[in-house]
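Reader: I should like a close look at how strands are paired in this model, followed by an account of its surroundings. Please treat the pairing step by step and in one connected answer.

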2 protein chains.
Amino acid sequence: MSGPDPRAFARLLCGYCLDAGAGQQVVVRSTTLAAPLLLAVQHELLERGAWPLLRTELPGAAEEWWAAARDAQIDGFPPAELAEAEQTDASLTILAPENTTALAGVDPERIARAARARAPVREAALRRRWCGTLWPTPSAAQQARMGTAEFAGFVRRAMFLDRDDPAAAWAELGAMQARLVERLSAASELRIEADGTDLRLSVAGRTWVNSDGRRNMPSGEVFTGPVEDSAEGRIRFTIPSSPRGVEVSGVELELRAGRVVAARADRGQEYLLATLDTDPGARLLGEIGIGTNAGIDRPVGAILFDEKIGGTVHLALGRSYPETGGRNESAVHWDLICDLRAGGRLTADGEVLQQDGAFRL
Amino acid sequence: MSGPDPRAFARLLCGYCLDAGAGQQVVVRSTTLAAPLLLAVQHELLERGAWPLLRTELPGAAEEWWAAARDAQIDGFPPAELAEAEQTDASLTILAPENTTALAGVDPERIARAARARAPVREAALRRRWCGTLWPTPSAAQQARMGTAEFAGFVRRAMFLDRDDPAAAWAELGAMQARLVERLSAASELRIEADGTDLRLSVAGRTWVNSDGRRNMPSGEVFTGPVEDSAEGRIRFTIPSSPRGVEVSGVELELRAGRVVAARADRGQEYLLATLDTDPGARLLGEIGIGTNAGIDRPVGAILFDEKIGGTVHLALGRSYPETGGRNESAVHWDLICDLRAGGRLTADGEVLQQDGAFRL
């Protein structure tokens with residue numbers, strides 16, 4: 001078998017990730033392409049005495065929704081969706097794209113308007129237990145520039161579904177990350193060095209989050225929000241990024257007193273500059289994250305995976321997560337990834353934490 | 001084109017049947033096999049400013065639900081489903097089976113328990129605007145013993161989707177039925193005569209319902225609840241019936257003072273006798289209906305169509321619809337159909353209403 005076994009995957013999601021229990025109502029969103037996993041998740045939830053509420057999107061339905069939607073539908077939401085988010089106990093979102101560029105023809109401004117309008121639904125869902133994951137499809141494999149079976153095997157390894165006890169493997173990574181968080185929580189200044197990169201920023205007083213696979217499957221990162229005016233230096237992001245299907249690569253940023261003061265990109269420079277001008281917070285960093293997942297050995301064009309590559313560091317332009325102590329506000333949250341594996345270093349108050357992609361704890 | 005055009009079908013459903021308007025939330029239930037119609041319904045609802053809430057079942061999901069469900073899930077329901085039924089404006093249920101006998105292996109008693117438990121959800125949905133219809137699938141064609149394209153053409157004609165203006169054709173049938181209802185409302189005693197059939201029953205004081213395609217698509221029937229103790233005589237139901245996938249044919253009933261006192265069947269006699277013993281109301285008639293749809297020219301093993309065949313009369317064992325003035329209560333509501341087209345007569349207070357399947361109004 002090359003890809004994830006649906007039953008083992010479903011057990012990991014309903015158990016380790018969601019801990020779904022008797023009587024709990026669990027909304028499960030995906031497309032019909034994830035049918036094997038959806039049926040296994042339904043089975044697992046029923047065995048746990050929970051209520052599976054499947055919301056399965058038909059191929060083409062999202063694209064046709066955007067083609068037909070009117071202003072009132074872009075700028076609003078059905079009240080039943082908010083009620084559902086408020087009345088259910090957990091939600092599981094399984095990416096299973098038929099075409100990762102399905103919405104390439106939709107005006108990004110309309111997508112942004114809809115995201116703003118639906119904020120109450122999103123926020124209500126985030127107040128409950130939630131998890132986001134991916135089921136490998138030919139389209140997701142194509143985005144990764146892999147064969148479909150090859151990509152399915154990659155996904156299986158990324159989620160530790162090739163291990164005898166995937167949940168135990170995640171708990172083990174979580175324990176390693178707990179030590180990393182302990183070390184980072186005592187640090188004031190982080191420095192990232194690599195070819196074209198020498199950036200310092202402060203994380204003094206900020207809270208580090210141990211992302212151990214419960215909310216993102218796969219995960220494998222620790223992150224916080226840097227002190228807003230602290231970043232100084234320059235950084236070259238060596239891993240491409242595909243926000244909303246736009247290809248952006250070779251991004252280089254120069255930061256002074258926390259703000260991006262110069263920016264260029266090999267591809268997607270126009271998109272980069274427009275994004276930086278979205279609002280004042282878009283030029284500040286909202287997150288610094290450190291990837292730890294050794295099962296993710298290369299970028300696949302999906303941020304769910306790429307930001308967790310063991311041996312990388314990522315910074316997000318824009319909004320910070322309040323639970324980190326970060327205070328930056330913006331409509332933007334764009335993760336950009338710097339690969340340190342081919343030669344690079346992450347230091348904390350002058351002490352090497354990671355060299356050429358390997359941790360030194 | 002042999003089958004229903006999805007756009008025309010969607011317009012009929014969202015317009016004539018549901019009259020969906022701006023801001024209304026419309027729950028649409030079906031299986032992935034109805035994808036072309038579901039996408040067209042989504043489009044039509046968006047154009048009307050309504051909110052489509054698609055609930056699309058995966059092939060195999062229902063069968064696997066029943067295989068894994070535990071007692072608490074059989075005997076309960078997720079509160080979010082009741083909330084949805086109460087908070088939305090309309091519901092559209094589109095039968096689109098992958099296998100009409102998918103639940104043949106499920107204990108009928110468990111299905112009955114689940115139906116009882118979910119009564120509050122069902123009743124809440126019925127208090128809103130609702131419509132039930134069918135999208136032709138290979139499985140539904142097989143049940144009808146037709147080729148898939150042949151059955152699709154049959155469905156198209158049954159729903160008047162072969163007409164230039166289907167909604168106008170339905171309104172025209174509704175006007176004809178209004179005259180029939182007017183005539184029947186003045187009648188006391190109905191008599192059904194055919195080979196093996198001579199039954200009299202009273203409909204004095206009862207209300208006739210004009211079923212003109214808004215709640216069932218297709219429809220084409222008028223019905224009421226007969227006076228509970230009035231039926232006298234015998235009747236042979238010449239059109240087979242498939243309650244819950246069980247084949248029953250050649251049913252003959254003898255009734256005295258409204259109660260079934262003798263019963264036999266060529267096929268499914270055991271099921272027939274067990275059904276009559278379900279509860280006291282199961283031996284009484286809850287409905288008499290008269291089919292008027294000339295587009296439905298033969299039985300297809302789906303009650304949505306068969307009970308509307310122009311030139312037939314059907315009686316239901318069990319529960320009556322309260323809006324007719326019928327007062328019979330039962331867990332059973334089983335429509336059995338008597339074809340009068342090959343030689344038969346329906347008279348009202350001695351005046352012929354229908355002879356050999358043709359109305360005389």
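Author: Two strands are said to pair if DSSP finds at least two bridges between them. The model to which this rule is applied here is a predicted one.

In chain B, strand S16 (residues 344-348) and strand S17 (residues 351-355) run antiparallel and are joined by four bridges. The count of four satisfies the requirement of at least two bridges. Within this pair, B:Val352 of S17(B) stands opposite B:Thr347. The two strands form a hairpin with two residues between them, and there B:Asp349 adopts a positive phi near 50°.

S17(B) has a further partner in strand S18 (residues 358-359) of chain B, with which it pairs in the antiparallel sense over two bridges. Here B:Gln354 has B:Phe359 in S18(B) as its bridge partner. This pair, too, is a hairpin with two residues between the strands. In its turn B:Asp356 has a positive phi of about 50°. The chain thus offers two hairpins to examine, that of S16(B) with S17(B) and that of S17(B) with S18(B).

Strand pairing may also be followed in chain A, where an open sheet of five strands has the order S7-S9-S13-S14-S15 with antiparallel pairing. Its edges are strand S7 (209-211) and strand S15 (333-339) of chain A; each has a single partner strand, so one side of each is left without a neighbour in the sheet. On average, and with direction ignored, neighbouring strands of this sheet are turned by 25° against each other. At one edge, S7(A) pairs in the antiparallel sense with strand S9 (residues 221-224) of chain A over three bridges. A:Asn210 has A:Val222 in S9(A) as its bridge partner.

From strands one may turn to helices. In chain B, helix H1 (residues 6-17) and helix H10 (residues 166-185) have axes that come within 10 Å and cross at roughly 50°. H1(B) is therefore oblique to H10(B). From H1(B), the residues B:Ala8, B:Leu12, B:Gly15 and B:Tyr16 meet B:Pro166, B:Ala167 and B:Trp170 of H10(B). By class, the residues of this contact are six nonpolar and one polar, with no charged residue.

There remains the meeting of the two chains. The contact takes 31 residues from chain A and 31 residues from chain B. On the side of chain B that touches chain A, the elements giving two or more residues are helix H2 (35-47), strand S2 (51-57), helix H3 (61-68), helix H4 (71-74) and helix H5 (79-87) of chain B. H2(B) gives the largest share of this side, seven residues. The side of chain B that touches chain A is made up of 17 nonpolar, 10 polar and four charged residues.

Chain B is superposed on chain A by a rotation of 180° with 0.0 Å of shift along its axis, at an RMSD of 0.0 Å. Such is the relation of a two-fold axis. Because 100% of the interface residues of chain B are also interface residues in chain A, the copies meet through the same surface.

As to the confidence of the prediction, chain A has a mean pLDDT of 96, with 100% of its residues at 70 or more. The model has an ipTM of 0.91 and a pTM of 0.93.

Methods: Residues numbered from 1 in each chain as written. Chains lettered and ligands numbered in written order. Predicted model: local features only at pLDDT ≥ 70, side-chain atom pairs only at ≥ 80, totals over all residues. Contact = placed C-beta atoms within 7 Å. Nonpolar A, V, L, I, M, F, W, Y, C, P; charged D, E, K, R; others polar. Least-squares fit on C-alpha atoms with pLDDT ≥ 70 in both. Axes fitted to C-alpha atoms, helices over the stretch in contact; angles between N-to-C directions. Parallel < 35°, antiparallel > 145°, perpendicular 65-115°, else oblique. pLDDT = per-residue confidence, 0-100.
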